[in-house]
Amino acid sequence: MARPSNFPPPFSARDYVAEPTDPADERIEVGVLVVGAGPAGLACAIRLGQLLEEHPEMAERLGEVPVAVLEKGKQPGSHLLSGAVVDPKAFRHLFGERFRMHDLPSYGPVPGESVYVLTRNAAWPIPPPPPMRNHGNWIFSLSQLGRFLAERAEEGGAMILPETAAEKLLVSHGRVMGVRTGDKGRNREGGELGNFEAGSDLVAKVTVLAEGTQGHLTGVALDRFSLRGEEPQVWELAVKEVWKVAKPLDRVIHTLGWPLRTGKKFREFGGSFIYPLGEDMVTIGLVVGLDYRDAALSVHDLLQELKTHPKIRKILAGGERLEWGAKTIPSGGFNSLPRELHAPGLLLCGDGVGMVNVPRLKGIHYAIESGRLAAEAAFRALQRGETPASALSSYDEAVRDSFIWSDLHEVRNMRQVFGRGFFVGGALASAMTMSKGRVELGKMAAEPDADQPLLVTDRDASYPAPDGKLTFDKLSSVFASGNKTRDDQPNHIQIERRVPREVAQLWAHMCPAQVYEVGREDADGTVMVDLAPSNCVQCGAITAKGGRLTPPEGGSGPEYTRT
Ligand SMILES: Cc1cc2nc3c(=O)[nH]c(=O)nc-3n(C[C@H](O)[C@H](O)[C@H](O)COP(=O)(O)OP(=O)(O)OC[C@H]3O[C@@H](n4cnc5c(N)ncnc54)[C@H](O)[C@@H]3O)c2cc1C
Ligand code: SF4
C-alpha cells in the first residue's frame, strides 16, 4: 500500500537558512522582529509595547523600529481562521487590571451549549463531555480579533508590515539574525516582471516566530537547531463557512459521528462545530484528523454533506453562505512540543510549535499567553544586552510554569488514543478526562500523517452534488475565501509530481481548494500531478500529507473577514 511519505517533496530546509546578503548599510534593522500577525505574534508586539512604554531608555536603545511584525496576508487578519470560542484568561494577563471583555470585538459570551452524536438522519443529544464545556468562554471571529489586536500593537509603537512573507531564516555564527523576505513580481518561470521588488534582509536582536500552523520558518528552525520533540507533529484539517441565517442560534453546538466513519481501518477522527455570530450569522466547520487513510476523503465535501443533515439544514434554512475557508490545526499535543522553544536569537510561540488543546479545540489563549511570555523573555534578554540561547531560556521556564504546560500535559495522549478506533479511543479519552490526566497510558507514539498507508474507497460517490445554495463545489468555495493569489506567480507548492495513482487521488481529494488534479498515466503506472497553485488558501494540509507548502508572494492567499 502506498504511503505519501514514500514520495517526499524536492524540499530541503537548508535552502531556507542563509547568511544576510544585503550590504550592511542596506539591511533593515529592528529591535525585535515578530513573524506572523496572529494572536501569538500580536500579543507579543502588544506586550513589548507596554514594556517599552515603561522603559523609554530601552525603546531608544532599540533604534527607529523597536518592534516590527511581518504578515504575509494582505492585512492582519486576512489569513486568520478559527472557531473561535475563546477562553478569556490570556486577555486578562495581556491587558491587565483595567481590561474588560466588552472592550474586545466579540460576539458575546457563550449563551449555552449542546453536543450531538449524529447518524445520517438522527441527532442524539449527549451531556457535553468536560472538554466541550464552554461556559465562561467568549465567541469571536479571529480575523476580526486579529485586526483589532493589530491596531493595539500599532498604538503601542509596533510597525506592522503586511503583504510580506518571511522566506528565509538569517543565521550567522549559529545565531538567528532575522529573516529575508520573499521577492515580489516574479513570473511563473521566476523571471522578473515590470513591478519586480527584491526581498530584503530584516535583522533583529531577537526574532520571534509566531507563524501559526505549519509555520514555514518554524519548521526550518526546528531542523536547523535540532529542536524537534520526541514525537512527530500531526494535524487536523478544518474547513469552515460563515452563514447569514434567518433565525438566531441560541447556543454553541458540537457534533460527533456522521459523516465520519467509525471503522478503525479508516482512522477518521473529528467532529463539527456550529457557533452563533450575533443575531444573524453562524459559523459552521468540520475538523478531521489528517491521519485518515482513505484517498477518497475530502473534508470540503464532508462539510457539504454535513449541511444536508436535517438538524443542520434547519439551522441554515433561508440563509446564505457569506465566507469559506480552510486551515490545519496541530494536534500532537504535549508529546509533540519541541524539546526547547528557543535558540540563539530566536523564540517560538503558538500553533507553530503545536500549543493546541485538541479535545477542547482551543489554541487562541495559548497563542496569546505564549506571545506575551516571549515578549517578556526577549525584553529581559535585551535589558542584559545579550541574546544568546542562555539569555532566552527564561521563556521555556515561563511556558513550563504557565497554564499552557499544565493544560496540555493533562490531555497529553488524547489525540493519539483515537488511532485505536472511535470506540476504544473514546473510552480511553474519557478515562483521561475523568482523572484529569492522572490515568497513565504511557507515552503513546504518534505516527506522522504522511506515513499512513492509503486505501481507496468510493466514499466520493456519495458526496452531495453542489446546488449553489446549501452545497458548493471547491472552486466556488475558493472564490468565497476572497483568494487573491496571482495566477502567474512562481509555484509555491512543493510535491513529487510523479506518484502512484492513490497518492495523487489523496492530494486531489484532500485539498479543499482544488489545487491538485490527477494527470496523465505513464507506462510504469504512475501518474503526473497537475497543479493550480493560485487556488491555494494556504491551509497547510499538503505539508502534513507528504508535500510542502512554502509562502507564496506576500499579499497572496485568502482575504478572510469573518472567519
Ligand atoms: C477551524 C478552526 C477552529 C478553531 N477553533 C478554535 C476555538 O474555537 N478556540 C480556540 O481557542 N482555538 C481554536 N482554533 C485554534 C486557533 O485558531 C489557533 O490555536 C490560533 O489561531 C493560533 O494562533 P497563532 O498566532 O499561533 O497562529 P495563527 O492564528 O495561524 O496566525 C499566524 C499568522 O502568521 C502569518 N504567517 C505565517 N507564516 C508567515 C511568514 N512566513 N511570513 C509572514 N507571515 C506569516 C499568518 O498569515 C497568520 O496571520 C481553531 C483552529 C481552526 C483552524
Ligand atoms: S495546496 Fe494549499 S489549499 Fe491545497 S492542501 Fe495544500 S496548502 Fe491547502
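**Reading a ligand site, a sheet and a loop**

Biologist: In this model, a polar side-chain atom of K327 lies 3.0 Å from an oxygen atom of ligand 1. What cut-off makes such a pair a polar contact?

Modeller: The pair must be N or O atoms within 3.5 Å. The K327 pair, at 3.0 Å, involves a ligand oxygen. Keep in mind that the model is predicted.

Biologist: Which ligand atom does a polar side-chain atom of E71 approach, and which one does the backbone of A166 approach?

Modeller: For E71 it is an oxygen atom of ligand 1, at 2.6 Å. For A166, a backbone N or O atom lies 2.9 Å from a nitrogen atom of the ligand. As for cover, the protein takes up 98% of the 1,000 Å² of accessible area that ligand 1 has on its own.

Biologist: How many residues surround ligand 1, and which are the closest?

Modeller: There are 36 in the shell, and E71, S82, G83, V85 and D351 are the closest. Sort them by class next: 21 are nonpolar, nine polar and six charged.

Biologist: Which helices and strands each supply at least two residues of that shell?

Modeller: The helices are α1 (39–54) and α8 (364–383), and the strands are β16 (270–277) and β18 (320–330).

Biologist: Now a sheet. In what order do β22, β23 and β24 stand?

Modeller: Read across the strands, not along the chain. The order is β22-β24-β23, in an open, antiparallel sheet.

Biologist: Why is one side of β22 and of β23 left without a neighbour in the sheet?

Modeller: β22 (498–500) and β23 (516–521) are edge strands with a single partner each, so one side of each has no neighbour there. Neighbouring strands are turned by 50° against each other on average, direction ignored.

Biologist: How many bridges join β23 and β24?

Modeller: Four, in the antiparallel sense, with β24 spanning residues 526–531. To place one pair, take E521: its bridge partner in β24 is V527. Then add the helix. α14 (residues 501–510) packs on the sheet and touches β22, β23 and β24. Its direction makes about 100° with that of β22.

Biologist: Last, a loop residue. Where is N483, and which backbone oxygen does its side chain reach at 3.1 Å?

Modeller: N483 sits in the loop between α13 (474–480) and β21 (493–494). Its side chain reaches the backbone oxygen of N535 at 3.1 Å. The backbone oxygen of C536 lies 3.4 Å from a polar atom of the N483 side chain. Beyond four places in sequence, N483 has further contacts, including V478, S534, V537 and G557.

Technical notes. Residues numbered from 1 in each chain as written. Chains lettered and ligands numbered in written order. Predicted model: local features only at pLDDT ≥ 70, side-chain atom pairs only at ≥ 80, totals over all residues. Heavy atoms only, no water. Near = heavy atom within 4 Å. Polar contact = N/O pair within 3.5 Å; in protein donor to acceptor, adjacent residues only side chain to side chain. Areas by Shrake-Rupley, 256 points an atom, 1.4 Å probe, with all protein chains shown as cover. Nonpolar A, V, L, I, M, F, W, Y, C, P; charged D, E, K, R; others polar. Pairing = 2+ DSSP bridges. Axes fitted to C-alpha atoms, helices over the stretch in contact; angles between N-to-C directions. Contact = heavy atoms within 4.5 Å.
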